[in-house]
Amino acid sequence: MPKIFVTRRIPEAGIRKLEEKGHEVVVSPEDRVLQKKELIEALAGQNYDAVLCLLTDTIDGDVLDAAGKQCKIFANVAVGFDNIDLVAAAERNVMITNTPGVLTNTVAEHTFALMLAAAHRVVEADRFTRAGLYGGWAPMLLLGNDLSGKTVGIVGLGRIGSRVAYHAVKGFDAKVIYYDVARNEQFEQEFGAIYKASVDELLPEADFVSIHVPLLDSTRHLMNAERLRLMKPTAYLVNTSRGPIVDEAALVDALKSGVIRGAALDVFENEPKLASGLAELENVVLTPHIASATEETRSAMSALAADNIIAALEGQTPPNLVKKM
Ligand code: NAD
């Protein structure tokens, strides 16, 4: 009977699928991130055929070696796979899979939750109200900005970026401009989106900049101090992709000194730590990497990771096999 290790408690859907296939599933008893040493200890000598892992697990050559030669697949419960050394996996003939698509709508919704929360100062206003500071309606109280009719700049028009663009156009009559290494002329025709040949060209025109590129060597600190200065002083930056794409210390400076008006972040450069000074700022909305965290979507991600394992153990190519970009 194939044996599968799950690195942390996840929604039942995936576990059930694996068990229904007759696989033995061992879930880490610790409901927390396993340190590399602990993960190696949990895997070594156990002859697992597959590992279901999370974006908080660092999967490198040492971990793959600990799992052993019989281990065919590490199925990551995330779209991003920047936590996995793909070269080390390829060298050891271990398949790596992710969970794209099933979380697109949820992450796009969360992006709007953040965008609107920042521009309408929702969290700041909530703090204000709870603190007993509300003394009655006032014409100048907590003025924010509209999203409707504004220019939304999408960096990375993939699955999530294009869904955000769709909502911006359809729901908010916004103008969409985008930058991506791959141009999508069909999307441009359908939704009137305008392609910009570089991030530098996009930034000065956008009222909202939303980041949806994967974390790669080419996208690390894509939003640095210099690029933040290219944004309008009235603009907002939203990041639901990966923290290290934004230079967080530079963002704190930009928010403090009025280089940009506001920001909203679901991801951080050194999770779970926040850059010094970030949490003290009123003009930033922060959520703890929960953009895909709805009951529906986390169950679907769990089930999709299981599908990938089932396919791999049946000798098929898993539906979401990833390769190095
Ligand atoms: P995707 O692969 O469909 O889209 C990524 C897009 O970025 C592609 O169109 C690609 O061409 C483009 N791209 C790649 N490198 C680029 C570069 N250097 N410059 C410009 N464009 C570039 O992925 P997706 O499903 O839309 O997910 C996007 C990212 O969102 C993931 O990689 C993941 O890191 C992140 N994500 C975060 C959460 C969360 O919980 N906050 C949830 C899901 C996904």
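Q: How many nonpolar, polar and charged residues does the lining of the second largest pocket have?
A: First, the small print: this is a predicted model, where local features need pLDDT of at least 70, side-chain atom pairs count only at pLDDT 80 or more, and totals for chains, interfaces and linings use all residues. Residues are numbered from 1 along each chain as its sequence is written, and side-chain values use heavy atoms, without hydrogens and water. Sorting the lining by class (Ala, Val, Leu, Ile, Met, Phe, Trp, Tyr, Cys and Pro are nonpolar; Asp, Glu, Lys and Arg charged; the others, Gly among them, polar) gives nine nonpolar, four polar and four charged residues.

Q: Which element gives the most to the lining of the second largest pocket?
A: A pocket here is an open set of 1 Å grid points where a 1.4 Å probe fits, with protein on both sides within 12 Å along at least five of seven lines, and lining residues have an atom within 4 Å of a point. This one has 17 lining residues, with Ala118, Arg121, Glu124, Tyr236 and Asn283 nearest its centre. Helices H5 (104-119) and H6 (122-130) and strands S11 (262-265) and S12 (284-286) each give two or more (DSSP runs: H or I of at least four residues for helices, E of at least two for strands). With three residues, the top contributor is H6.

Q: Is Pro29 buried or exposed?
A: Pro29 sits in the loop between strand S2 (24-27) and helix H2 (36-43). Buried means under 20% relative accessible area and exposed over 50%, with partly exposed in between (1.4 Å probe, protein chains only). Because its relative accessibility is 79%, Pro29 counts as exposed.

Q: Why is strand S7 largely enclosed by the rest of the structure?
A: S7 (residues 175-179) pairs in the parallel sense with S6 (residues 151-155) over five bridges (pairing takes at least two DSSP bridges), and Gly153 stands opposite Ile177 in S7. S7 also pairs in the parallel sense with S8 (residues 194-195) over two bridges, where Tyr178 faces Tyr195. S7 is largely enclosed because, of its five residues, the number buried is four.

Q: Which strands stand at the edges of the five-strand open sheet?
A: The sheet is parallel, in the order S2-S1-S3-S4-S5. S4 (residues 73-76) pairs with S5 over three bridges, and Phe74 stands opposite Ile96 in S5. Each edge strand has a single partner, so one side of each is left without a neighbour in the sheet; these strands are S2 and S5 (95-97).
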